[in-house]
Amino acid sequence: MVALLALVAGIATLVAGSGQVAEFGWFAYAPLSEGAFAPGMVFLGPQQITGWLLVALAACAAAFCAGLAMGRRSR
């Protein structure tokens with residue numbers, strides 16, 4: 001039950017935060033002005049990080065429950 005709730009919460013958080021762009025930047029100087037810009041990099045916002053953490057928690061809880069169910073001895 002906990003795994004299912006964490007999975008639903010994680011997916012809902014990811015969907016809600018999918019349109020947000022991570023905001024950060026330099027304001028005083030350009031520290032790597034001679035460096036090349038890497039346009040393929042993806043930055044996650046706080047809401048997306050929370051969503052992925054909840055999905056990972058749900059996966060761990062589901063694996064734990066599956067291990068308990070498979071490891072039970074029948075008498």
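## The core of helix 2

Let's start in the middle of things: the buried residues of helix 2 pack against helix 1. Those residues are Gln-48, Gly-51, Val-55 and Ala-58. Keep in mind that this is a predicted model.

Helix 2 itself runs over residues 46-71. Does its length fit what you'd work out on paper, or disagree with it? Which span should its 26 residues have at 1.5 Å a residue? The expected figure is 38 Å, and the end C-alpha atoms sit 37 Å apart, so the two agree.

## The overall layout

Stepping back, the protein has 2 helices and 0 strands. There are 75 residues in the protein, and buried ones make up 15% of them.

As for contacts, take those between residues at least 6 apart in sequence: 84% of them join residues at least 24 apart.

## How the two helices meet

Helix 1 covers residues 2-16, and it packs with helix 2 at an angle of about 160°, the axes being 7 Å apart. Why call the pair roughly antiparallel? An angle over 145 degrees counts as roughly antiparallel, and the angle here is about 160°, so helix 1 and helix 2 earn that label. Their crossing is left-handed.

On the helix 1 side, the contact is made by Ala-3, Ala-6, Leu-7, Ala-9, Gly-10, Ile-11, Thr-13, Leu-14 and Ala-16. Helix 2 answers with Gln-47, Gln-48, Thr-50, Gly-51, Trp-52, Leu-54, Val-55, Leu-57, Ala-58, Ala-61 and Ala-62. Sort the residues of this contact by type and you get 14 nonpolar, 6 polar and no charged.

## A closer look at Ile-11

Ile-11 belongs to helix 1 and is one of the residues that make the contact with helix 2. Its relative accessible area is 44%. Buried means under 20% and exposed means over 50%, so Ile-11 comes out as partly exposed.

Across from helix 1, Gly-51 is one of the buried residues of helix 2. How far apart are Ile-11 and Gly-51 in sequence and in space? Along the sequence they are 40 residues apart, while C-alpha to C-alpha they are 6.4 Å apart.

## Gly-45 in the loop

Between helix 1 and helix 2 there is a loop, and that is where you'll find Gly-45. Is Gly-45 buried or exposed? Its relative accessibility is 6%, so this glycine counts as buried.

Gly-45 can also be paired with Gly-17, 28 residues away along the chain. The C-alpha atoms of these two glycines are separated by 7.7 Å.

Conventions. Residues numbered from 1 in each chain as written. Predicted model: local features only at pLDDT ≥ 70, side-chain atom pairs only at ≥ 80, totals over all residues. Heavy atoms only, no water. Axes fitted to C-alpha atoms, helices over the stretch in contact; angles between N-to-C directions. Helix = DSSP H or I, 4+ residues; strand = E, 2+ residues; numbered from the N terminus. Parallel < 35°, antiparallel > 145°, perpendicular 65-115°, else oblique. Left-handed = near helix turned anticlockwise from the far one by under 90°. Contact = heavy atoms within 4.5 Å. Nonpolar A, V, L, I, M, F, W, Y, C, P; charged D, E, K, R; others polar. Expected span 1.5 Å × (residues − 1). Buried < 20%, exposed > 50% of the residue type's maximum accessible area, 1.4 Å probe, protein only.
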